[in-house]
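This report describes the architecture of a single protein chain. The sequence and the model are shown first, and the description follows.

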Amino acid sequence: MATLRELKGRIGSVASSEKITGAMKMISSAKMHKAESALHRLVPFRSQIETIIGNVLGSDATFSSPLVSENAEVKRMAVIVWGSDDGLCGAYNVNICKRLVEYLRDLRGALGAAVIIDVMPVGKKIARIADHLKENGVNVVAAPDGIDSKTDGTAVNEFMQTLVREFLDGRYQRVDTLYMKFYSAGRQRPVASQLLPVLPQTFAEAGAGKATGRPYLFEPDPNAIFNAVLPLFLMAVMQDIFTENRAAEQAARVMAMQSANDNAKNLLEDLQLEYNKLRQQSITSELLDIVGGQARE
């Protein structure tokens, strides 16, 4: 049985852990709200881009772009998977990796076993987990220098431009993304989708309800505008992915710290109860010794 001193030390340790997890929860919550605000700030730009696409697609012109052309055969493709660079976010990276394994199986079933799939993890933690996929014949390639789960701004646009160049140069015939989509503080889901070439239904979803229905005169012509706006649309999508991933990571960390904090509170209550019982037994034993000593006198 533990002594009073040992129990007191354990109580102090658990109490410190409770304070630490509480503070980390507050920090993660602040970061989550910051990322959520960044998501809201991205909405006007992407909405405007989608409005332009909707109006252009609503014209009678024909459109062509190398970023939209479907390849008859996919020999090599890339799957960019986003995770975290830091820990203490529960099963966040594990859940993403589980979805990745399922998605790779679906891709091989749809494209054939001969297709070469390069998995590009973005984030140190997800990269370590993805390394285990090498044993199953999956090619794991490193993300470009300076690209991680915290990357923002110009570096994100440069990353998107790199992917576009590799697609146009023929290194990849298809580029897919897999990331944790942020719905709310308590709900995040892994989402996988095709980024390149852009699917026609992507434009249908983006332009749905965005066209104003007003008559437009396009200068120089709708196809030129379409090819100018399409890269901006892809950059907006990439910015969304990075920001969604950051918000989802911090939301997962808030939930993990909340769970750790609750466990620490429960453990602290149990230890305090055990300490009080042991202290009461000690006091009772001392009183019995005193009473017994007086009786003998």
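How many helices and strands does the protein chain have? The model, which is predicted, contains 6 helices and 5 strands. Read from the N terminus, the elements follow the order α-β-α-β-α-β-α-β-β-α-α. The chain comprises 297 residues, and buried residues account for 41% of them.

**The sheet**

The strands of an open sheet, 5 in number, are arranged in the order E3-E2-E1-E4-E5, and their pairing is mixed. Strand E3 (139-140) and strand E5 (187-196) are the edge strands, each pairing on one side only. The table sets out two of the pairings, with a facing pair of residues for each.

| Strand pair | Sense | Bridges | Facing residues |
|---|---|---|---|
| E1 (residues 76-82) and E2 (residues 116-122) | parallel | 7 bridges | methionine 77 and isoleucine 117 |
| E4 (residues 174-184) and E5 | antiparallel | 9 bridges | threonine 177 and serine 193 |

The parallel sense of E1 and E2 thus stands beside the antiparallel sense of E4 and E5. E4 and E5 also form a hairpin, with 2 residues between them. In a regular strand, the side chains alternate between the two faces of the sheet.

**Loops after the strands**

Two loops have notable backbone geometry. The loop between E5 and helix H5 (200-207) holds proline 197. The peptide bond that leads from leucine 196 to proline 197 is cis, with omega near -10°.

The loop between E1 and helix H2 (92-111) contains leucine 88. Phi of leucine 88 is near 60°, which is a positive value in a residue other than glycine. Is leucine 88 buried or exposed? The relative accessible area of leucine 88 is 54%, and the residue therefore counts as exposed, the cut-off being over 50%.

**Helix H1 and its contact with H6**

H1 has 54 residues. From its first C-alpha to its last, H1 reaches 76 Å, close to the 80 Å expected at 1.5 Å a residue. Where does H1 have a kink? A kink of about 30° lies at valine 43, shortly before proline 44.

Valine 43 can also be related to a residue of helix H6, alanine 236. Along the chain, valine 43 and alanine 236 are 193 residues apart, while their C-alpha atoms are separated by 9.2 Å. Alanine 236 is classed as buried because its relative accessible area is 6%, against a limit of under 20%.

**The second largest pocket**

H1 and H6 come together again in the description of a pocket. The second largest pocket has a volume of about 310 Å³. Helix H1 (4-57) and helix H6 (222-296) are the elements that give two or more residues to its lining. H1 gives the most, with 5 residues.

Which residues lie nearest the centre of the second largest pocket? Of the 13 lining residues, these are Lys31, Lys34, Ala35, Arg246 and Gln250. What classes of residue make up the lining? By class, the lining of this pocket has 8 charged, 3 polar and 2 nonpolar residues. An α-helix has 3.6 residues a turn, so residues three or four places apart point the same way.

Conventions
Residues numbered from 1 in each chain as written. Predicted model: local features only at pLDDT ≥ 70, side-chain atom pairs only at ≥ 80, totals over all residues. Heavy atoms only, no water. 1 Å grid on protein atoms, 1.4 Å probe; cavity = no way out; pocket = protein on both sides within 12 Å on 5 of 7 lines; lining within 4 Å. Points joined across faces, edges and corners; volume = space filled by probe spheres on them. Helix = DSSP H or I, 4+ residues; strand = E, 2+ residues; numbered from the N terminus. Nonpolar A, V, L, I, M, F, W, Y, C, P; charged D, E, K, R; others polar. Expected span 1.5 Å × (residues − 1). Bend = angle between axes of the 7 residues up to and from the residue. Pairing = 2+ DSSP bridges. Buried < 20%, exposed > 50% of the residue type's maximum accessible area, 1.4 Å probe, protein only.
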